[in-house]
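Dear colleague,

I am handing over the structure below, together with an account of what was found in it. Please keep it open beside this message while reading.

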Amino acid sequence: MTGDPAEMIAALIDGKGEGRYGLSDINQGAHALQAAWLAERSGCGAALIVAALLHDVGHMVHDLGENPAAEGVDDRHEQVGYDFLRDYFGPEVTEPVRLHVAAKRYLCAVEADYFARLSEDSVLSLSLQGGPMSEQEVEAFAALPHAVAAVQLRRFDEAAKVKGLVTPAVGHFVPYVRECVTQGWG
Ligand code: FE
């Protein structure tokens, strides 16, 4: 792909962000912006802000409809997103994205009340994604270099489903994207 990856990514959030977010009340674009905004307001660095903005980009670049989980399909959007993003970003952006579904399975295993706080769409997809992690899986996940960032991202993801919450537009986050882009120019 030619051109400026940051502009291309902004257009993706703006243009394809109209699908509803799973079963929740907000669209993909608003969900992405809310997640990025939560990361920024929590004092995260550029990489985690960009990871939050783009964690569900796999939903935007595949063609399985708005809520494949309702049809019993695990869209593996974290892997689709990772495969797309690694042309442009390093592991501090791509690993939390790749691991954000695993982070949900992890949190369901290690935090007693986490499952109870999941949104309806996250509960539905959890069973398709393998359910809460086993003890061995928890250990292996926690040892990964970007596990902490992935768990942080997961919390922003769950919190970024607020209908009517106003956030800055995507242009606000473009400088962070630009800062993190490592490849893909020209
Ligand atoms: Fe999400």
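A good place to start is the end of one helix: α2 is followed by G43, a residue whose phi is positive, near 85 degrees. Please bear in mind throughout that this is a predicted model.

**Confidence**

The mean pLDDT of the protein is 89, and 90% of its residues reach 70 or more. Confidence is lowest in helix α4 (residues 57-61), where the mean is 86, and highest in helix α9 (residues 135-142), where it is 98.

**Overall picture**

The protein contains eleven helices and zero strands. Read from the N terminus, its elements therefore follow the order α-α-α-α-α-α-α-α-α-α-α, each helix being a run numbered from that end. Of the 186 residues in the protein, 53% are buried. Among contacts with a separation of 6 or more, 73% are between residues 24 or more positions apart. The protein exposes about 8600 Å², and carbon and sulfur atoms supply 53% of that area.

**The helix α2**

Helix α2 covers residues 28-41 and includes Q34. Its 14 residues reach 20 Å from the first C-alpha to the last, close to the 20 Å expected at 1.5 Å a residue. At the N-terminal end of α2, N27 acts as a cap: one of its side-chain oxygens lies 3.0 Å from the backbone nitrogen of G29.

Is α2 largely enclosed or largely open? Eleven of its 14 residues are buried, so the helix is largely enclosed by the rest of the structure. The buried residues of α2 are Q28, G29, H31, A32, L33, Q34, A35, A36, W37, L38 and A39. What covers them includes α1, α3, α4 and α10.

Q34 deserves a separate look. With a relative accessible area of 1%, Q34 falls under the 20% cut-off and is therefore buried. The side chain of Q34 reaches the backbone oxygen of V162 at 2.7 Å. Leaving out residues up to four places away in sequence, Q34 touches I26, A159, A160, K161, V162, L165 and T167.

**The nonpolar cores**

In soluble globular proteins, nonpolar side chains tend to be buried together. In this model, the largest nonpolar core has 41 residues, and those with the most contacts inside it are L53, L54, F89 and V177. At least two residues of this core come from each of α1 (5-15), α2, α3 (46-54), α4, α5 (77-85), α6 (91-110), α10 (147-159) and α11 (174-180). Which helix gives the largest share of this core? That helix is α3, with nine residues.

L54 can serve as an example. Apart from its neighbours within four places in sequence, L54 is in contact with I9, I13, L85, F89 and V97. A second, separate core has 15 residues, including L99, L107, L118 and L126.

**Three further residues**

E158 lies in helix α10. Is E158 buried or exposed? Its relative accessibility is 16%, which is under 20%, so E158 counts as buried. The side chains of E158 and S122 are joined by a polar contact of 2.9 Å. Not counting residues up to four places away in sequence, E158 touches K104, Y114, L118, S119 and S122.

G72 is found in the loop between α4 and α5. With a relative accessible area of 46%, G72 is partly exposed, because this value lies between the cut-offs of 20% and 50%. G72 and S127 are 55 residues apart along the chain, and their C-alpha atoms are separated by 9.4 Å.

A11 lies in helix α1. At 46% relative accessibility, A11 counts as partly exposed. Along the chain, A11 and G171 are 160 residues apart, while a distance of 9.7 Å separates their C-alpha atoms.

**Where to begin**

I suggest finding Q34 in the structure first and then tracing its side chain to the backbone oxygen of V162. After that, L54 and its contacts, among them I9 and F89, give a way into the largest core.

With kind regards

Note on methods
Residues are numbered from 1 along each chain as its sequence is written. This is a predicted model: local features need pLDDT of at least 70, side-chain atom pairs count only at pLDDT 80 or more; totals for chains, interfaces and linings use all residues. Side-chain values use heavy atoms; hydrogens and water are left out. Helices (H or I, at least four residues) and strands (E, at least two) are DSSP runs, numbered from the N terminus. Buried means under 20% relative accessible area, exposed over 50%, partly exposed in between (1.4 Å probe, protein chains only). A polar contact is a pair of N or O atoms within 3.5 Å; within protein, one must be able to donate a hydrogen and the other to accept it, and residues adjacent in sequence count only if both atoms are side-chain atoms. Contact means heavy atoms within 4.5 Å. pLDDT is the predictor's confidence in each residue, from 0 to 100. Accessible areas come from the Shrake-Rupley method with a 1.4 Å probe; for residues, only the protein chains shown count as cover. A nonpolar core is a set of buried Ala, Val, Leu, Ile, Met, Phe, Trp, Tyr and Cys residues joined through side-chain atoms within 4.5 Å. The expected span of a helix is 1.5 Å times one less than its number of residues.
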